[in-house]
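Here are a few notes to read alongside the model, written as numbered points. I hope they are handy as you look around.

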Amino acid sequence: MYHFSKVLLKVWQCMFIAPVTLRRKSAVDGSVQPQSYYAFSVWWYAFNLAVLVACVTGGVWAVMEDARASATGRSLRIQNTSSAIVTALQVTLQCLVCGLAITCSAGRHVMLQDIERHLNYADAVLRVSTSQPVARYTLALVTFHAALFAVDGYLWNTLSPATWLYGVCYVYMFIDLATMLMYAQIAWNIGRRFEDINAAIECKLAGFQAGAAATFDHSHRGRGYRPPQQVWTFSGQTTVVVSNNPVAMADRQYGTNMKNISIAKLQDLHWSLCNSIKIVNDKFGWQLFLQLFCNCVQLIVTPYFIIINLFYPVIYGSTDIKFILIQVLWVLTHLSHLLLIVLPTSYATTKGEKTAVIICKYLTIDIEPGDMKQVFIKMNIDSTNYN
């Protein structure tokens, strides 16, 4: 996954979740240029762990200092027992998410390389180039979060200079964002390859269906029969009759190169991507669970701060409109984090499950039992020719 986007790689390295360095393999002969690859760096990993220890220490120190300030009535966040529990829970969850992302980065290095090999192999077989929408919007997301953190920190510091210690939470959230971008990048790339494989399978099966229809027409020619037509029914009363020449339709939509790929090869690619999903789930399972739980807590806590600032301004803080608006932005930001986790995953799952739908669509051909044997013979001949 490192070679797909240099921008994402830099973000992951700056956020301490990609302890890798670029190295070059020596050329075998003088005519071949040396190849570059990313290798795991123990020194970078040790440095990232040291940063993690410093961030966790800073978070614990911030909560302890705020608790001492609340004893003398100088704290804005901790006013009573409930607010103390909420603040401690927020910082603890962010520490856990950050700690798991950094400590597990060593084990994820091999997983990222394996998935990259599978995706590159699928691209080589299908002869397609895949866009990178996650990488395209990475700079915009990072810039927006940096601006949000700067404005939020300035407003909190204006209300109480003692809150500067909570600035370490912004580091936690940057690491959390980088981890979500890594998972979204993997899920989106897998889903895009599923979509390409589905296109190739549909092109292949469309050719088989055309062969079956031609065989049916030849065996019944002169008896008043005609090839069966597919009818697709949509919601409501709309029906569409599909053309009897699906090969031409598939060629126009997907190109002719995909017909040269064997069904067995497409099956191997499909199961390779399914295995990649299992590997990703094993490596990111607990990470995603903590991120989702942390986002849900944030979506509860942030409106809570809005409410107490609106209805209890004398006790809990200021009703400055800028402070209220920044809290609304935080709610929208946490919602966008949920979408960043859910949408790429849903996309990959939907495209992976669509394969069975495509196969079933072309296997439901209305052919008499006596002609089924001729259809299978024709399909085997076509499959041999395609291979």
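1. Let's begin with Arg23, which sits in strand 1, the run covering residues 20-24. Please keep in mind throughout that this is a predicted model. Arg23 has a relative accessibility of 39%, so it counts as partly exposed, given that the partly exposed class runs between 20% and 50%.

2. Which residues does Arg23 touch, leaving aside those up to four places away in sequence? The contacts are Gln35, Ser36, Tyr37, Ala39 and Phe40. For Ser36 there is also a backbone distance to look at: its C-alpha atom is 5.5 Å from that of Arg23, although 13 residues separate the two along the chain.

3. Next, the salt bridges, of which the structure holds six. As general background, side chains of opposite charge can pair when their charged atoms come close. In helix 2 (residues 42-71), Glu65 and Arg68 are three residues apart, so about one helical turn separates them. Their side chains meet in a salt bridge with an N to O distance of 2.5 Å. Both ends are partly exposed: Glu65 has a relative accessibility of 27%, and Arg68 has 42%.

4. Helix 7 offers another pair, Arg192 and Glu195, placed three residues apart, or about one turn of the helix. The closest N and O atoms of this salt bridge are 3.7 Å apart. Glu195 is partly exposed at 29% relative accessibility, and Arg192 is partly exposed too, with a relative accessible area of 24%.

5. In helix 9, Lys278 and Asp282 lie four residues apart, again about one turn of the helix. Their side chains form a salt bridge at 3.2 Å, N to O. Is Asp282 buried or exposed? Its relative accessibility is 55%, and because the exposed class starts over 50%, Asp282 counts as exposed. Returning to the charged group in point 4, salt bridges with shared partners join Arg192, Glu195 and Asp196 into one network.

6. Now for the open space. The largest pocket holds about 390 Å³. Its lining comprises 23 residues, and those closest to the pocket centre are Arg77, Asp152, Trp156, Tyr170 and Met173. Which helices each supply at least two residues of this lining? They are helix 3 (81-103), helix 6 (138-159), helix 7 (168-219), helix 9 (263-311) and helix 11 (321-363). By class, the pocket lining divides into 10 nonpolar, 11 polar and two charged residues.

7. The enclosed spaces deserve a look as well. How many cavities of 30 Å³ or more are there? The count comes to three, and the largest cavity has a volume of about 90 Å³. Its lining consists of Gln94, Val97, Tyr172, Met173, Asp176, Cys294, Asn295, Gln298, His334 and His337. Helix 3, helix 7, helix 9 and helix 11 each supply at least two of the lining residues. Sorted by class, the cavity lining has four nonpolar, five polar and one charged residues.

8. One last pointer for your viewer is Met173. This residue is among those closest to the centre of the largest pocket, and Met173 also appears in the lining of the largest cavity. Helix 3, helix 7, helix 9 and helix 11 likewise turn up in both places, each supplying at least two residues to the pocket lining and at least two to the cavity lining.

Conventions. Residues are numbered from 1 along each chain as its sequence is written. This is a predicted model: local features need pLDDT of at least 70, side-chain atom pairs count only at pLDDT 80 or more; totals for chains, interfaces and linings use all residues. Side-chain values use heavy atoms; hydrogens and water are left out. On a 1 Å grid over the protein atoms alone, a cavity is a set of points where a 1.4 Å probe fits but cannot get out, and a pocket is an open set with protein on both sides within 12 Å along at least five of seven lines; lining residues have an atom within 4 Å of a point. Grid points are joined across faces, edges and corners, and a volume is the space filled by probe spheres set on the points. Ala, Val, Leu, Ile, Met, Phe, Trp, Tyr, Cys and Pro count as nonpolar, Asp, Glu, Lys and Arg as charged, and the others, Gly among them, as polar. Buried means under 20% relative accessible area, exposed over 50%, partly exposed in between (1.4 Å probe, protein chains only). Contact means heavy atoms within 4.5 Å. A salt bridge is a side-chain nitrogen of Lys or Arg within 4 Å of a carboxyl oxygen of Asp or Glu.
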